[in-house]
Amino acid sequence: KGLLITGIVLLVLALGGCGYGCTSIVGFASQIADAGDDAGVNQLGTETTLRATGSMGIVLSTHGATECYGEEADGSQIEFNAPDANTSTSVDLDGRSFEVVYQFDTEDGQDYRVICGDEAGTVGEYSVISFDLGKIVTGFAGIGVGALFFILGAIFFIIGKTAFAFFI
């Protein structure tokens, strides 16, 4: 009987964990769009300054072949990293579609100067935004914990149901 109750409790907790994780990930996408609206849009070839409000900065661009250069307030170069190949994030800013082209580490409160463009002088726009990476990490952790609780809950439920039926 105890295994059956434990299984049911873990299944309910699994729903909560997965629900929290999914909500956090959806909130992350909304956070990117809100941060992009606050940061504004720049023409390719013009410089912008970002005051970091989180642990990560990203560059969004209307043109996928955008090259970016930047430096921190102390003059050191920013190391821009392309997002993972499986990651494709599109954000609508001011009615236009922007793709994530780069990400870089930031420190909360620090200033970063960034300029984006390409050698051909392509016309387009870009935005540099800062966000807290913790929300998406928490989201994936919630989904992972929810999945673990679901597996354990299903096992305990099946064993508990079988044992309960056997002894009755």
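What share of the contacts in the protein with a separation of 6 or more is accounted for by residues 24 or more positions apart? In this predicted model, such residues account for 85% of those contacts. The paragraphs below follow the chain through its strands, its sheets, its cores and its cysteines.

The protein has 168 residues, and 33% of them count as buried. Its accessible surface comes to about 9,700 Å², and carbon and sulfur atoms hold 60% of that area. The secondary structure consists of two helices and eight strands. Along the sequence, these elements follow the pattern α-β-β-β-β-β-β-β-β-α.

Consider next how the strands are arranged in sheets. Strands of a sheet pair through backbone hydrogen bonds, and the pairing may be parallel or antiparallel. One open sheet in this protein has five strands in the order β1-β8-β3-β6-β5, and its pairing is antiparallel. Strands β1 (42-43) and β5 (90-93) stand at its edges; each has a single partner strand, so one side of each is left without a neighbour in the sheet.

Strand β3 deserves particular attention in this sheet. What is the burial of strand β3 (residues 56-61)? Six of its six residues are buried, so the strand is largely enclosed by the rest of the structure. The burial concerns both faces of β3: M56, I58 and L60 are buried on one side, while G57, V59 and S61 are buried on the other. Strand β3 pairs with β6 in the antiparallel sense over six bridges. Within this pairing, G57 stands opposite F104 of β6, and V59 stands opposite Y102 of β6. Six bridges also join β3 to β8, and these two strands run antiparallel. Here G57 has S130 as its bridge partner in β8. Residue G57 therefore illustrates both pairings, because it stands opposite F104 in β6 and has S130 as bridge partner in β8, within a strand whose six residues are buried.

A further open sheet has three strands in the order β2-β7-β4, again with antiparallel pairing. Strands β2 (47-51) and β4 stand at its edges, each with a single partner strand, so one side of each has no neighbour in the sheet. On average, neighbouring strands of this sheet are turned by 25° against each other, with direction ignored. Five bridges join β2 to β7, and the two strands run antiparallel. As one example of residues facing each other across strands, T49 stands opposite R113 in β7.

The side chains form a further level of organisation. In soluble globular proteins, nonpolar side chains tend to be buried together. The largest nonpolar core of this protein has 15 residues, of which V59, F80, F104, V114, C116, Y126 and V128 touch the most other members. Strands β6 (96-105), β7 and β8 (125-131) are the elements that give two or more residues to this core. A second, separate core has nine residues, including M56, L93, F98 and V100.

Residue C116 links the description of the core to that of the cysteines. It is among the residues that touch the most other members of the largest core. Leaving aside residues up to four places away in sequence, C116 touches L44, G45, T46, V59, T66, E67, C68 and Y126.

How many disulfides does a search of the whole structure find? The search finds one. A disulfide is a covalent bond between the sulfur atoms of two cysteines. In this protein the disulfide joins C68 to C116, with a distance of 2.0 Å from S to S. Residue C68 lies in strand β4 (residues 67-72) and C116 lies in strand β7 (residues 111-117), so the pair ties together parts that are 48 residues apart in sequence. The link of C68 and C116 is right-handed, with 110° about the S-S bond. Both C68 and C116 are buried.

Why is C18 not bonded to C22? The sulfur of C22 is the closest cysteine sulfur to that of C18, but it is 6.4 Å away, which is too far for a bond. Residue C22 is likewise in no disulfide. At 28% relative accessibility, C18 counts as partly exposed, and C22, at 43%, also counts as partly exposed. By contrast, the bonded residues C68 and C116 are buried.

Terms used: Residues are numbered from 1 along each chain as its sequence is written. This is a predicted model: local features need pLDDT of at least 70, side-chain atom pairs count only at pLDDT 80 or more; totals for chains, interfaces and linings use all residues. Side-chain values use heavy atoms; hydrogens and water are left out. A disulfide is a pair of cysteine sulfur atoms within 2.5 Å. Helices (H or I, at least four residues) and strands (E, at least two) are DSSP runs, numbered from the N terminus. Buried means under 20% relative accessible area, exposed over 50%, partly exposed in between (1.4 Å probe, protein chains only). A nonpolar core is a set of buried Ala, Val, Leu, Ile, Met, Phe, Trp, Tyr and Cys residues joined through side-chain atoms within 4.5 Å. Contact means heavy atoms within 4.5 Å. Two strands pair if DSSP finds at least two bridges between them. Axes are lines fitted to C-alpha atoms, for helices over the stretch in contact, and angles run from 0 to 180 degrees between N-to-C directions. Accessible areas come from the Shrake-Rupley method with a 1.4 Å probe; for residues, only the protein chains shown count as cover.
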